[in-house]
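Work through the exercises below with the structure open. Try each task before reading its solution.

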Amino acid sequence: MVLEDRVPEAGVAAGAGRAAVAERGSTMLAARLYTMKKLSSVLARTLTSGTSGSMSLPDMSEGHLPIHVNNVRSRLRDIVGASTNWRDHVQAMQERKALHTLLAKRQEDLPPRRMKDSYLEVVLPLGSQPEIREKYLNVHNSVRFGRILEDLDSLGVLICYTHTKQEAQPRSPLSIVTALVDKINLCKKIIYPDGDIKFTGNVSWVGRTSMEVKMHMLQLHDGDYSPVLDATFVMVARDPENKRPAFVNQLIPESPEEEEIFKQGELNKTRRIDFSTASLLKMAPTAEERNIVHDIFLNTLDTRTVSFRSRVLPPNSMWMEDAKLKSLQICHPQERNIFNRIFGGFLMRKAFELGWATACSCGGSRPFIVSVDDIMFQRPVEVGSLLLLSAQVCYTEKNYIQVRVHSEVYDADTREHHTTNIFHFTFISEKEVPRVVPKTYGESMLYLDGKRHFAATMKEI
């Protein structure tokens with residue numbers, strides 16, 4: 001399930017000379033961007049915190065050189081000593097076992113960190129380096145959001161490694177993995193392919209073995225960077241073999257603004273626990289939700305018969321069973337991360353693209369992503385797995401489409417299926433969409449769950 005980085009495709013490693021030139025070019029670009037006149041900073045933006053409203057963000061950019069997006073994954077490989085060749089991955093992981101002695105026995109043994117200690121800026125120069133644009137381009141001549149999900153996932157892990165970095169240790173003994181994507185809220189309908197993009201982020205809350213990371217994405221337009229999205233990820237630290245939890249450095253807020261951000265991290269944790277406790281997989285629907293389900297049932301009964309089984313689809317509606325798509329992915333080594341599992345960003349990209357296609361099929365027009373929330377990584381996806389993705393439109397309202405994507409791996413030897421991820425996406429369509437109608441009790445629970453996620457998203461945006 002882990003999620004930080006992928007190794008280069010075959011042929012990239014062989015082009016070491018070209019990579020060195022690209023690295024120097026990236027460094028020069030970063031330096032030029034840093035020495036440019038500072039553009040107007042966005043000091044108040046809606047955070048993906050589980051509450052509505054805006055919060056003042058402390059400026060941490062001073063003294064930080066931007067990192068080229070292509071260098072994020074190479075830095076992660078250097079930090080953990082990952083091999084760039086699949087044939088060497090077993091030896092590389094064996095070498096990490098020796099790092100167990102570097103783990104802290106107590107959290108108090110680690111030096112505390114400040115928020116600005118983990119602050120990073122990453123530049124995606126789509127405007128100034130058009131040669132990298134094609135990877136990010138979709139058929140509508142805008143930026144592929146799935147690629148942005150990959151970059152956010154890698155950046156989130158690098159931020160956490162920056163927070164936990166020990167100067168005396170050339171390699172980190174920690175295996176930092178993505179536990180969940182709490183929320184990604186977008187404030188732009190379209191991400192343009194000809195404007196430079198800047199990602200910023202830092203650790204915003206720390207537990208004993210987990211870290212919350214807040215990231216922001218901005219795009220250059222008319223000489224100024226304007227906000228595109230805010231994202232909140234939760235990462236966990238584990239031992240060198242990725243088997244047991246490991247302690248991370250405490251976080252010390254230094255200002256009232258940072259105190260508020262840290263406090264919000266605590267509230268986010270509480271909100272996630274409450275949401276999980278009230279899950280329809282654990283608790284019965286509320287009285288109001290039971291009434292909603294019964295009203296749907298009554299509105300779909302065939303009045304010409306006296307039968308519970310005879311159902312009629314209301315006007316401008318579609319059955320939930322007709323609003324789903326499925327796909328299969330073979331997980332090749334090319335998509336592995338620095339710990340030789342399938343890169344979580346790849347899983348998010350594939351889930352998003354299937355979710356988008358499902359929303360497009362349901363709405364009959366181009367959908368635009370509004371929000372991503374509550375992506376829980378339940379178990380890792382091993383290289384060589386058969387990955388089954390099932391996307392279902394769970395709820396619609398006016399132009400909005402709520403899509404749930406279920407991810408599972410299939411073991412051909414045991415013929416067992418295991419859930420790895422659940423993804424929730426909120427889209428908005430160019431025109432009003434049909435109402436999805438459940439038939440069975442199971443579909444009704446999916447409908448109510450989608451309605452809950454949609455209501456939470458609308459409360460924030």
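The model is predicted.

**Exercise 1. How many cavities of 30 Å³ or more does a search of the whole structure find, and how much space lies in the largest cavity?**

Solution.
- Step 1. Search the whole structure. One cavity of 30 Å³ or more turns up.
- Step 2. Take its volume. The largest cavity holds about 40 Å³ of space.

**Exercise 2. Which residues line the largest cavity, and which helices each supply at least two of them?**

Solution.
- Step 1. List the lining: Val69, Val72, Arg73, Val122, Asp151, Ser154, Leu155 and Phe199.
- Step 2. Assign helices. Both α2 (69–80) and α4 (145–163) contribute at least two lining residues.
- Step 3. Sort by character. Five of the lining residues are nonpolar, one is polar and two are charged.

**Exercise 3. What is the strand order of the open sheet, and which strands are its edges?**

Solution.
- Step 1. Trace the eleven strands: β3-β4-β6-β7-β8-β5-β11-β14-β13-β12-β10. Pairing is mixed.
- Step 2. Find the ends. β3 (67–68) and β10 (324–330) are the edge strands, each paired on one side only.
- Step 3. Look at one pair. β5 (residues 175–186) and β8 (residues 224–238) run antiparallel, joined by ten bridges. Here Thr178 stands opposite Met235 in β8.

**Exercise 4. Which strands does helix α5 lie across, and which does helix α7 touch?**

Solution.
- Step 1. Start with α5 (residues 256–277). This helix lies across β5, β6, β7, β8 and β11. Its angle to β6 (197–206) is about 80 degrees.
- Step 2. Move to α7 (residues 344–363). Helix α7 packs on the sheet and touches β5, β8, β10, β11, β12, β13 and β14. Its direction makes about 55 degrees with that of β14 (416–429).

Technical notes. Residues numbered from 1 in each chain as written. Predicted model: local features only at pLDDT ≥ 70, side-chain atom pairs only at ≥ 80, totals over all residues. Heavy atoms only, no water. Pairing = 2+ DSSP bridges. Helix = DSSP H or I, 4+ residues; strand = E, 2+ residues; numbered from the N terminus. Contact = heavy atoms within 4.5 Å. Axes fitted to C-alpha atoms, helices over the stretch in contact; angles between N-to-C directions. 1 Å grid on protein atoms, 1.4 Å probe; cavity = no way out; pocket = protein on both sides within 12 Å on 5 of 7 lines; lining within 4 Å. Points joined across faces, edges and corners; volume = space filled by probe spheres on them. Nonpolar A, V, L, I, M, F, W, Y, C, P; charged D, E, K, R; others polar.
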